[in-house]
Every structure is written in C-alpha cells, then in structure tokens.
Amino acid sequence: MRNTITKIAAILFVAIAFTSCNDKTKPQVQYMPDMYTSVAYEPYGVNTAFANGMDSQLPVEGTIARGQVPYDYPNSNDGYEAAKKELKSPLTVYTKDSEKGKALYGIYCAVCHGKKGDGQGDLVKREKFLGIPNYKDRDLTEGSIYHVIMYGRNLMGSHASQLTGEERWQVVEHVQKLRNDLLK
Amino acid sequence: MSSHYEAPIREPLVLGEKSYHDITVDIAKPIEGKANKNWYIAFTISLIAFLWGIGCITYTIGTGIGVWGLNKNIGWAWDITNFVWWVGIGHAGTLISAVLLLFRQRWRMAINRSAEAMTIFAVFQAGLFPLIHMGRPWNGYWVLPIPNQFGSLWVNFNSPLLWDVFAISTYLSVSLVFWWTGLLPDFAMLRDRAVKPFQKKIYALLSFGWSGRAKDWQRFEEVSLVLAGLATPLVLSVHTIVSMDFATSINPGWHSTIFPPYFVAGAIFSGFAMVQTLLGIMRKVTNLENYITRLHVEYMNMVIMLTGGIVAVAYASEFFIAWYTGSPYENFTYMSVGAATGAYGWAFWSLILFNILIPQLLWVRKFRRSFIASFLISIAINIGMWFERFDIIAIVLSKGHLPSTWTRFEPTFVDIGIFIGTIGFFGVLFLLYARTFPVIAQAEVKSILKVSGENYKKLRDGNHE
C-alpha cells in the first residue's frame, strides 16, 4: 500500500514538474533560435534606430512612388465641390469589376451604410451611433463619392489606406449602382 | 599429452613456466597494485592535452568553424583527416578479435583485449569529429530519422555522411558489446580476488554475476563466434562507408572505385601499427613480456606487411589510373605527378616514405622480430597513414576542376589543438583502462596455455623424441 502511494506521488511529482514550466501567457522556450528573430527590419517591427521607434517610416512629403497617382483635390469643402463637379472615373471596360466592388463595399462600407446603401448598417441598427445618411437623400456624383472615400467627411474617416486607387473607383461604381436602385 | 597433436614447428605463445595461477597473478597485478610515477606523468600529460583539446573544441563551437584553417574550397581538412585516421586505427581491434577468431589464430588471445580497447577509444575520438566539424552541432540530432514536428521531416538516406552515422554508431556499440562479453570472465576473476570491499563491489557490478558454469561457457563461446561473424563484415563495411564519403563524390582523385577495399586495407595497416605502438609500451610497463612475445610482434608485423602491400598496390593503381585515364583533371590528384611536384609535394613524399618505403624494412626478419624496430616502424606508419588521409582530402581539394578555385590549406592552432586533444583523450582513456581492466584476456590465454605454453610444449616435444 505504501509502495503504491509512493509511486503515485512520484508520478504526480514528475507530471507537475513537466507541466509547471508551461506558462501560456508567455512565448514558449526556444531551443537554439538561430534564425528565429530577423536580422533584417520587418515591416511592423520595433526599431530603436528611429525617433518614433518603428521600422516603418513615412515617405518624404511630395515624393511619388512608381505606379502611384497623387490625388490633387484638397481636403476642404472647395475640394469636395470641385471633385464633385470635375472628377471622373478612370475605370475602363477592362478594370471595371462590379463583383469586386460589391465585395469591397461589403467589407469596408456596409457595416455603417448598410448592404443596400440605405444607411441601415449593423452598427446603426444596434444604435452604436446614428446619423448615417441614405444614399438617395444626398446629391452624389462619382467624383464626390471618391473624394469622401479619400478624405472622409464629418463622422466618416478616410478609407484611402484600406483601398487602392482602383479599388476605390470600383467601390464608387457599386455605390452609384446602390443609389440608382434606391432612387427607383 | 599423447592425445594431442600440435606441430612442433610452432613457437610457444606463452613464455616462462606459467601455470594458470601465474597468468591470473600477472594479469591482475597492474590492477591490484598502485600506479607508479611514470603512469602519473603519462596520465598528466595526456590529461593536459585532453583539456587543451576540450578548450579548442569549446572555442570552435562557441566562435565558429572559421577559427579552423578551412576555406570555401577546402571545406574538409584536419577534421575529416583525423576522423578517418581514428576510425582506421579502430579497425585493427575488431580485426584482431573477430577476423583472427574466425581464422582460429591463437596468437590473438594475448592482444585482443587491448586491441579492442584501442578500437573503442579510437572510435570515441573519431566520433567527436563528425560532431564538432558541424557548423551547428547542436542540431546534430537531426541526422537521426526521428519522427518530429516538422511534418515528420526525415533524413535523406542517399548521403554517405548519413551512412557514416549508422556505421560508426553500430560499430561502436557492437565493438563495445563484444569487448564487454569477453571481459565478463576476467572481471569475475578480479571480483573473486578483490580484498577491498569497494573494489569487490565495482567488479561484481562489472562482471554481471559471471559464475563460469559449463552452460555459461558454452553460450559464451557461441556468442563470441556469432559476434565475430557479425563484426567481420562490419569492419569491412564501416571503413568502406567512410571511404564512400570520398569515392561517391565527383572530385577527381576522390571518385575512385578502388577506395572501399583500399581504405579498409589502410585501416588495418594503421590499426595494427597502433596496436604495435601501444603493446610495445604496454608489455614493458605492465611486465607482460611473457604473454606479448616476439612472436606476437612478428605476426602483427606480417599483417602490417600484407596490408601495407595492399595499400602500396592501391597507390600504384591510383597513380597508374591517373595517367591512364588521360583526363587532365587526374593530373592533380593525391597520387599523381602534379601532387608529387606541387605545393603539397612534401605531404606526397612523406606518404611514400612513411607508408611504402619504411615498412618494407619488415621483410628483414631481424627488424620484424625486433621490438625497437617494430615500435619505430609502427610510429612511422601512424604518421604515414595520417598523411595518406590528409593527402587524399587536402591535395585533391586544393586543385579541383576550376583553376580559379585552386587554393591552399594551412591549419590553425585550433585544428592542431583538437587533434592533440583527441590524442590526449585517447591516452587518458587507455591509461585508465590499463590500470583498471584486465589488459589480457586471461580466460582465453588460459585456454591456450597447455597447447602453446612454453613448458607444455617442451614436455610434449620431449615425448615425441
């Protein structure tokens, strides 16, 4: 009997000894992490060499990367009016993609504006915040929609960092379609 | 005596008027006595060399392989040279205990224990090099096909370096078991003679409760024979596999079908030379001159001559084939005119001198039966066989296919230090062995005493007259 108790105690001790080192709130112990941490800078890494402590640094103001087109309308009411009047979609038959526009709208816009663009997104329905307009109540052109995606307006923030230029125009296409459906 | 016939032409293997008890006493004496001053001096020197080697190994692993003299064209030099050299040395032990057992050579009985110890200690040294020459030795366990969390990523079984892993580890374990089974009756003898309780306890543990009953002896003999039968192909295959590290490559000078048998012959050649060196000292310091006799030395020299002859023929073939192929790349292999006249000419000529020319002295009976001469020649062979491996590795790598890759290898103090360290480690192990283990298989020698003992032979020859 005593022998059995000793054995059970020994097994328990070993079991505890092996599991006690496993702290789930901390990263696991590494065996010889030779190439585990990067020598090169990784995009979102911490970097003490820079003043803001980040690997990602802002580009110099006014520089244009290859393949990028700068947006020239200023972030103001005048800019909004100008874009509304003048700005036209550069999409061609080859770059138009209503499926993709719908999908992107579903990801980035529908949570507030609603799937139909009637201002009845999930967050509005749950009364997280109010004041999302219905597309049919506003006078919108493709230029003004694009401008708002670029800079945001009032409560809405800029979505320029989430979407590329082409994607923004594809979303604009979809918003226009929704507005036309609502106006019917 | 009339029932036994032994050719009178055979010389006695056990000298002096020895009885069974004399054998026991003679063999137990170095273990039961105290070590003398010379032993301590030798041990201290070996230990210092060993510690220095450990330091060099630690420095290598801690700092990187770059502390060696290797460069990006000569990626193997002293490390693999020493590896092959030590493995080669180890081969004589198994040859003596296994092959000579299969051939019923009675003279092996006095030397097999020490030869096997030499095998095991030499394989220890050899086994160090594959590990420490790795860039990341801590990942060395990846050479084993163990199920793992990398999607059960396994090893590639096509590499001779992996075969080396299996060959060396199998060789070491089989040799160890073979050696230890042979030790059981001898440990039992020491256990039964021990007067100090601590010694008794130790030898009781080591002898696994050997009681020497008829059934035990019968099985003991069967196991020895089976192990000898297994160890013999092992000896041939282990150094064959080591030779395939080179022979399966595409380097001119390495890619050669002659390597497997030629390396094995070289291994036996160098191994016997090392046995000769060690026993030359041991028979003196442990007063075992009556057991390791002139006849043993002569027989070993004969094996050295035979294998040395095979090696010499192999050199000649390599030299001939280098010319006969007509391939210009073969002009710079380790056995070629290019090597003889190139930057490593000194290594080429050392090889010729130490391995081919000096051992030819053994054709002279006077040298063959002389302790001093065979001791000196055996040391020359050890040097020569080191040069053989060095030449094969470094000369071949120094001049490859592209002249823009031709380069030289110069060892650093770390290369040399590790080699000295392994010699020291070997010395430490062998010296400790000589003080604690029965250096001659007393049970086996007792089995030939009445056949080959001097007094018994005299008695028998007298009867015949």
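Trainee: What makes Arg389(B) count as a charge over the ring of Phe263(B)?
Mentor: In this predicted model, Arg389(B) lies over the face of that ring, at 6.0 Å from the centre. The cut-off for CZ of Arg is within 6 Å of the ring centre and within 35 degrees of the ring normal, so Arg389(B) qualifies.

Trainee: And which ring does the charged end of Arg283(B) sit over?
Mentor: That would be Phe371(B), with the charged end 3.7 Å from the ring centre. The limit is 6 Å, so the distance passes.

Trainee: How many aromatic pairs does the structure hold?
Mentor: There are 59 over all chains. One of them joins Trp85(B) and Trp86(B), 5.0 Å centre to centre with 70 degrees between the planes.

Trainee: Why is that one called edge-to-face?
Mentor: The centres have to lie within 6.5 Å, and planes over 60 degrees apart count as edge-to-face; at 5.0 Å and 70 degrees, the name therefore fits. Both Trp85(B) and Trp86(B) are buried, by the way. Phe348(B) and Trp349(B) also pair edge-to-face, at 4.9 Å and 80 degrees.

Trainee: How do you know whether Phe348(B) is buried or exposed?
Mentor: Its relative accessible area is 3%, and buried means under 20%, so Phe348(B) is buried.

Trainee: What about Thr24(B), buried or exposed?
Mentor: Thr24(B) has a relative accessible area of 9%, again under 20%, so buried is the word. Thr24(B) lies in helix H1 of chain B, residues 20-32.

Trainee: Which residues does Thr24(B) touch?
Mentor: Leaving aside residues up to four places away in sequence, Thr24(B) touches Met189(B), Arg193(B), Gln442(B) and Lys446(B).

Definitions and conventions
Residues numbered from 1 in each chain as written. Chains lettered and ligands numbered in written order. Predicted model: local features only at pLDDT ≥ 70, side-chain atom pairs only at ≥ 80, totals over all residues. Heavy atoms only, no water. Phe/Tyr/Trp six-rings, centres within 6.5 Å; stacked < 30°, edge-to-face > 60°. Buried < 20%, exposed > 50% of the residue type's maximum accessible area, 1.4 Å probe, protein only. Helix = DSSP H or I, 4+ residues; strand = E, 2+ residues; numbered from the N terminus. Contact = heavy atoms within 4.5 Å.
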